[in-house]
Every structure is written in structure tokens, then in C-alpha cells.
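Work through the following exercises with the sequence and the model side by side, and try each task before reading its solution.

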Amino acid sequence: MAAALAALAVAVGVTPAALVSALAAASLAAGGAFFARRVAEANREMSAAAERISAGELSARTSLLDSEGPTGAFNSMAEHVEGIIESIGQEREILMAALNSIGDAVVAVDADSNVVFANTAARRTFGASGTPLVGNPFVWMLPDEQVVEALRASRDEHIRVVRSIERPGRQYFQLTTAPIMEAGEWRALAVFHDVTQVRRVETVRRDFVANVSHELRTPLAAVKSVIETLESGALDEPEVARNFLGRADAEVDRLVRMVEELLELSRIESGDLPLEQRPVDISMVVEDAVRRLRPQAEKQGLDLATEVAGDLPEVIGDREHLERVVINLVQNAIKFTQAGGKVDVAARVRAGDVEVTVSDTGAGIFPEDLGRVFERFYKADRARERGGTGLGLAVAKHTVEAHGGTIEVRSEPGKGAAFTFTLPASGN
């Protein structure tokens with residue numbers, strides 16, 4: 001090898017040492033050029049991959065296989081970023097699914113009070129007008145000064161606010177607002193919890209206590225008055241004593257009937273009341289109920305008529321309890337119809353089911369009472385001048401529902417009322 005270098009040096013006219021130095025320099029220059037090309041190519045690959053990733057193509061990678069070099073590090077970083085973003089996306093999907101599945105309306109507003117987020121419940125509750133919620137001012141959705149002030153306090157003062165608000169149609173919400181920070185900017189989150197049903201239950205409970213207290217106080221006061229009258233000397237007058245004892249007996253019967261109806265209602269609601277499941281001819285049920293109540297209707301000067309279709313199918317149920325439903329509805333119609341009026345009882349087939357309607361030409365029911373007439377002890381007669389326990393319609397409703405049927409009422413003040421219950425025919 002040395003001899004070859006020496007010969008080459010003599011041929012080119014240089015010393016062997018100079019030739020070696022020249023060859024070494026040439027090798028270094030060639031290696032440097034190759035390395036520079038590799039670096040430039042790697043930079044171009046990484047720049048192109050970075051642009052694709054920034055455009056949303058998270059799977060973009062460099063094609064240069066250099067596990068320990070910069071391209072390998074770039075690919076590892078890209079895989080790590082893709083994993084983080086996918087994880088964030090999954091968490092966001094879970095969060096969105098959770099927010100959209102809850103019944104509470106959730107709304108977020110930005111610093112300018114524009115809606116930036118509204119879940120499904122919010123769109124269902126406040127988006128009835130058809131105007132999109134997101135992107136529009138919050139006051140377009142809910143122009144309520146209390147709500148706007150609560151959101152402002154949470155956004156600007158960074159405090160949590162809890163308030164109760166009422167919307168038209170007797171709809172009640174518990175509003176909770178809280179501050180949130182996003183991208184260095186304070187925003188506000190509002191959660192609307194619908195407490196309408198809770199309010200309604202509270203109202204029903206309060207009215208129930210008031211009504212049952214009134215219903216119990218009246219007969220008890222009457223019995224106590226009779227006892228006091230008898231003690232004060234009426235016992236010495238047999239005719240007067242018998243009269244007062246008859247009054248006391250009537251009031252006690254009323255109390256017993258009230259307790260029995262309450263117990264029956266409770267057993268129906270709990271499913272503990274055994275109902276016979278036999279074929280029942282509704283036409284006979286209607287006829288028997290009307291026959292029992294016709295003397296009462298004639299006494300009050302009312303026309304009690306029936307219209308029963310001849311092709312009524314049978315229903316499966318308890319005949320005694322179904323007859324009691326008809327009796328309760330007819331008694332209710334007689335009670336609220338003035339002399340000279342009319343009560344009609346009709347039975348027909350509708351959509352394959354058996355439908356019974358008891359209508360009258362009486363005083364009718366106010367709109368605010370229609371939704372509550374089937375509550376126990378609730379009386380549309382606010383003066384309570386017509387007697388009764390206030391349980392008949394409640395018993396009728398639960399009895400019909402226990403037979404798989406439905407019951408409803410239609411009425412206008414001064415134009416009478418129509419109670420209709422429907423039962424599935426035995427073949428359905």
C-alpha cells in the first residue's frame with residue numbers, strides 16, 4: 001500500500017505526505033456534503049410532517065428511518081402528541097355525552113354574554129323559538145334580569161350564585177351560576193335545575209293537609225255539637241234527642257265512608273287491592289249504575305239519560321269496582337248540575353277500546369282546576385257547599401288505571417263537564 005502511494009505521489013509530482021493530506025481532505029469534504037444533504041432532507045421531511053399535523057393529520061410521520069436521530073425523535077414526539085390529543089378527544093366526548101344526557105339545562109357564556117355552549121336540555125327548554133342558542137346573546141334565550149345579574153356576578157366577581165326563578169306557565173328552576181376560566185378569560189356557567197314537579201308536589205301536599213283537615217273538622221265539629229246539645233238537656237226531650245242522634249249518626253257515617261275510601265285508594269295505589277279478572281259487560285254496568293242514581297237525579301229535577309252502543313265488547317276486570325267508577329262520575333255530575341239540567345251517560349267503541357263518557361250541563365270547571373280534579377280531597381267547589389268527601393274522582397282514576405285504562409276530563413266554566421274513561425276490550 002505504501003509503495004502504491006509513493007508511486008502515485010511520484011506520478012503526480014508531490015510528496016507522499018502531501019498526497020495523503022489531499023486524499024484525507026477530499027474524503028472529509030465528501031462526507032460533509034453527504035451529511036449536509038441528509039440534514040437538509042430530514043429538515044424538509046420534518047417540516048412537511050409538522051405542517052400536515054398542524055392541519056389535523058395527526059398520523060403524519062417522517063419517512064426517514066432514523067430511530068436515534070432527530071427524525072426518530074420527531075416521530076416519537078408526534079406519536080405522543082397524537083395519543084394526548086386522542087385522549088383529550090375521548091374525554092371531551094364523554095363529557096359532552098354526560099352533559100347532554102342530564103335533565104338539567106347547562107349554558108356557558110363568554111365575556112360578552114354570548115352563549116358558547118348549550119346542552120340538549122338547554123336547547124329543548126329555551127330553544128323553542130327556533131333561534132340557535134350558541135353564538136347569540138344570552139338575553140335572547142332568557143330575558144330575565146335575575147339570571148343576567150347572576151351570570152354577571154359569576155363572570156366578573158368570580159362568585160357562585162344560587163337563585164330560584166319562575167318562568168311563564170308556572171315553570172320553576174333553581175339556578176346555579178359559577179365562574180370558569182378558559183384561555184385566560186373568565187366566563188360563566190349556568191345550570192338550570194327544573195323544580196316544577198317538586199313545587200307541584202309541595203302544593204299538592206299543602207292542599208291535601210288543608211283539605212283533609214277541613215273534611216275531618218266539619219263532621220267532628222257536628223258530632224261534638226250534638227253531644228254538647230244532648231248533655232245540655234236535649235236528652236230529656238225524646239223527639240229532639242232522636243233528631244240530634246240521627247245527625248250524629250249521619251256525620252259518623254260520613255267519617256267512616258271517608259276512611260274506607262282512603263283505605264281503598266291506598267290499596268289500589270299500592271297494588272294490594274285484589275281485582276277480579278273476569279269478562280264484564282259494560283252496558284250492564286252503566287245501566288245498573290244509572291238505575292241506582294235515577295231517583296236522586298229526579299229528586300233534583302235533572303234528566304238522566306243513557307246512550308249505549310249495541311255492539312260493545314266485553315272488558316276484563318272487576319265488575320263491582322267498575323260500577324263504582326260510573327256511580328262516582330254520575331254522582332259528581334248530578335251534584336254540580338242545576339235543576340232543569342241534563343246528565344248523559346254514553347258507552348261506545350272507539351279505536352277498538354270501550355269508552356264511557358259522563359257529561360252534564362252543570363257549572364263546569366275552571367281551567368286552573370282541570371289538572372287537579374283527580375287529586376284526593378281536591379274540590380273545584382271552593383266554597384265546599386256541595387258536600388262529599390272529595391275522594392270519588394281520585395278513586396275512579398286509580399281504579400280505571402288499575403284496569404289498564406285512562407280517564408280524562410273536558411270542561412269550560414258555565415258549559416258543563418265531560419268525564420271519559422277508556423278500557424281495553426277483552427280481545428285486545
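At 46% relative accessibility R350 counts as partly exposed, because that class lies between buried (under 20% relative accessible area) and exposed (over 50%), with a 1.4 Å probe and protein chains only. R350 has its place in strand β9, where helices (H or I, at least four residues) and strands (E, at least two) are DSSP runs numbered from the N terminus. The C-alpha atoms of R350 and L312 are 10.0 Å apart in space, with their positions 38 residues apart in sequence.

The model is a predicted one, in which local features need pLDDT of at least 70 and side-chain atom pairs count only at pLDDT 80 or more, while totals for chains, interfaces and linings use all residues. Residues are numbered from 1 along each chain as its sequence is written, and side-chain values use heavy atoms, with hydrogens and water left out.

**Exercise 1.** Describe how α9 and α10 pack against each other.

Solution. Two packed helices are described by the angle between their axes and the distance between the axes. Step one: the axes of α9 (residues 282–299) and α10 (residues 319–335) come within 9 Å and cross at roughly 40°, the axes being lines fitted to C-alpha atoms over the stretch in contact, with angles from 0 to 180 degrees between N-to-C directions. Step two: α9 and α10 are therefore oblique to each other, since angles under 35 degrees count as roughly parallel, over 145 as roughly antiparallel, 65 to 115 as roughly perpendicular and the rest as oblique. Step three: the residues of α9 that meet α10 include I282, V285, R292 and L293, and those of α10 include L322, V326, I327 and V330, contact meaning heavy atoms within 4.5 Å. Step four: this contact divides into eleven nonpolar, two polar and four charged residues, with Ala, Val, Leu, Ile, Met, Phe, Trp, Tyr, Cys and Pro as nonpolar, Asp, Glu, Lys and Arg as charged, and the others, Gly among them, as polar.

**Exercise 2.** Which residues have the most contacts inside the largest nonpolar core, and which element gives the most to this core?

Solution. Step one: a nonpolar core is a set of buried Ala, Val, Leu, Ile, Met, Phe, Trp, Tyr and Cys residues joined through side-chain atoms within 4.5 Å. Step two: the largest has 38 residues, and I282, L329, V330, V345, F419 and F421 have the most contacts inside it. Step three: the elements that give two or more residues to this core include α9, β9 (342–350) and α12 (392–402), but α10 gives the most, with eight. Step four: leaving aside neighbours within four places in sequence, I282 is in contact with L312, V315, L322, A347, V354, V356 and L423.

**Exercise 3.** Place N332, decide whether this residue is buried or exposed, and relate N332 to the packing of α10 on α12.

Solution. Step one: N332 lies in helix α10 and, at 16% relative accessibility, counts as buried. Step two: apart from neighbours within four places in sequence, N332 is in contact with L393 and F419. Step three: α10 and α12 pack at about 145°, with their axes 9 Å apart. Step four: N332 is one of the α10 residues that make this contact, and L393 is among those of α12. Step five: the contact of α10 with α12 has six nonpolar, five polar and no charged residues.
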